[in-house]
Amino acid sequence: MSIAVLGAGAFGTALAVSYAQKGPVTLWARDPDQADAMRQTRENTRRLPGVKLPENVSVTAETATAFTAETLLLAMPMQQMAGFLKAHAATLSAKTLVSCSKGIDLATGQGPTGLIRSLVPGSRAAVLTGPSFAADIARGLPTALTLACADHSEALQAELSTPTLRLYRTTDTTGAELGGALKNVYAIAAGTVIGAGLGDSARAALMTRSFAEMLRVALALGARAETLSGLSGFGDLVLTCTSEQSRNFRLGHALGSGAGFDPSITVEGVATAEALNALAKKHQIEIPVAAMVTALTQQKISVSEAMKILLARPLKEE
Ligand SMILES: NC(=O)C1=CN([C@@H]2O[C@H](COP(=O)(O)OP(=O)(O)OC[C@H]3O[C@@H](n4cnc5c(N)ncnc54)[C@H](O)[C@@H]3O)[C@@H](O)[C@H]2O)C=CC1
Ligand SMILES: O=C(CO)COP(=O)(O)O
């Protein structure tokens, strides 16, 4: 089988580097100038500096070259995925499309597999998600992820596992993609708590209540509880709420401490919080923490107001 990675940001580049251990990988960059620069320097200097591209990675800006692979990993920001799939639907229809993006499409409220199934009906949709920073994967540090695919995907699991990248399989695509999407929203909240100096105890409380929210949303949307307790849910929530490597955490930290934040950095949790609020309203699910994240990122509320609102909620059973 052959692999191409579509999207040459930090994560797409890291995956290409990792899979190059197993054979040739094509890495598709949307911008031809970026592809040229990466071919010349053998590095993604903007998004993943300090990591050399192995010889097995060919960088291209031509979709025709990338689309010859059978397995295509989608590694672009979530809000770009629908446009990409619409533009290339005809050529992608017989492929296995593995989403590596984490988020909910704002326009439709769908996750990656919903988008893939509706926009490229002849393809096979899968999700690769879980606790993994691009820099860790690129350095070959041990990582475990969830591979979700509606059909039993032992062959795909074997294809996408490496000696340091260990994949666990599930058929629960809804649970896997919701875990990866929602944890970003709560990582913003955790960053805010730490940035505002509210302490580690407050962060632990917030993470626990965030997990309860994630579970409530995911179960209402048809996911299985055990998926949320696994790598793609609990695992990624822990990583992103506790590490300053996380861009979602760092945005929250800036909100909490009043510092500035570079708007060119990809922070999936902002759009996902908005999409999540719309979904929660539609399905009448209570999401107090995510509602505060949306209000904070839209500058409708201050950190101290958000804290007061959460602490003043009625006392109840756990
Ligand atoms: N960086 C990380 O550690 C991880 C990222 N992810 C997910 O991977 C996805 C991509 O994130 P990163 O690579 O980190 O972002 P990034 O900010 O490093 O790079 C985004 C890349 O997407 C490209 N891009 C933008 N619009 C595009 C389009 N329409 N078609 C193709 N490419 C397009 C940009 O040129 C840029 O190279 C996100 O959903 C993120 O949540 C998942 C796990 C880990
Ligand atoms: O998804 C990630 C780790 O699993 C990366 O998190 P950030 O997008 O917050 O950097």
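**View 1. Residues that the UniProt record annotates as "binding site".** In this predicted model, for which local features need pLDDT of at least 70, side-chain atom pairs count only at pLDDT 80 or more, and totals for chains, interfaces and linings use all residues, the unreviewed UniProt entry gives the annotation "binding site" to F11, R30, K102, A134, R247 and E268. Such annotations, whose feature names are shortened and whose positions follow the numbering used here, may be inferred rather than shown by experiment. Residues are numbered from 1 along each chain as its sequence is written, while chains are lettered from A and ligands numbered from 1 in the order in which they are written.

**View 2. The surroundings of K102.** K102 lies in the loop between strand 7 (96-99) and helix 5 (112-119), where helices (H or I, at least four residues) and strands (E, at least two) are DSSP runs numbered from the N terminus. K102 is buried because 28 other C-beta atoms lie within 10 Å; with C-beta atoms placed from the backbone, buried means 20 or more such atoms within 10 Å, exposed 12 or fewer, and partly exposed in between. Leaving aside neighbours within four places in sequence, K102 is in contact (C-beta atoms, placed from the backbone, within 7 Å) with M78, T129, G180, A181, N184 and E268.

**View 3. Helix 13 and what covers it.** The buried residues of helix 13 are E268, G269, V270, A271, T272, A273, A275 and L276, and their cover includes helix 4 (78-92), helix 8 (173-195), helix 9 (200-220), helix 12 (247-257) and helix 14 (288-297). After helix 13 comes Q284, whose phi is positive, near 55 degrees.

Methods:
Contact = placed C-beta atoms within 7 Å.
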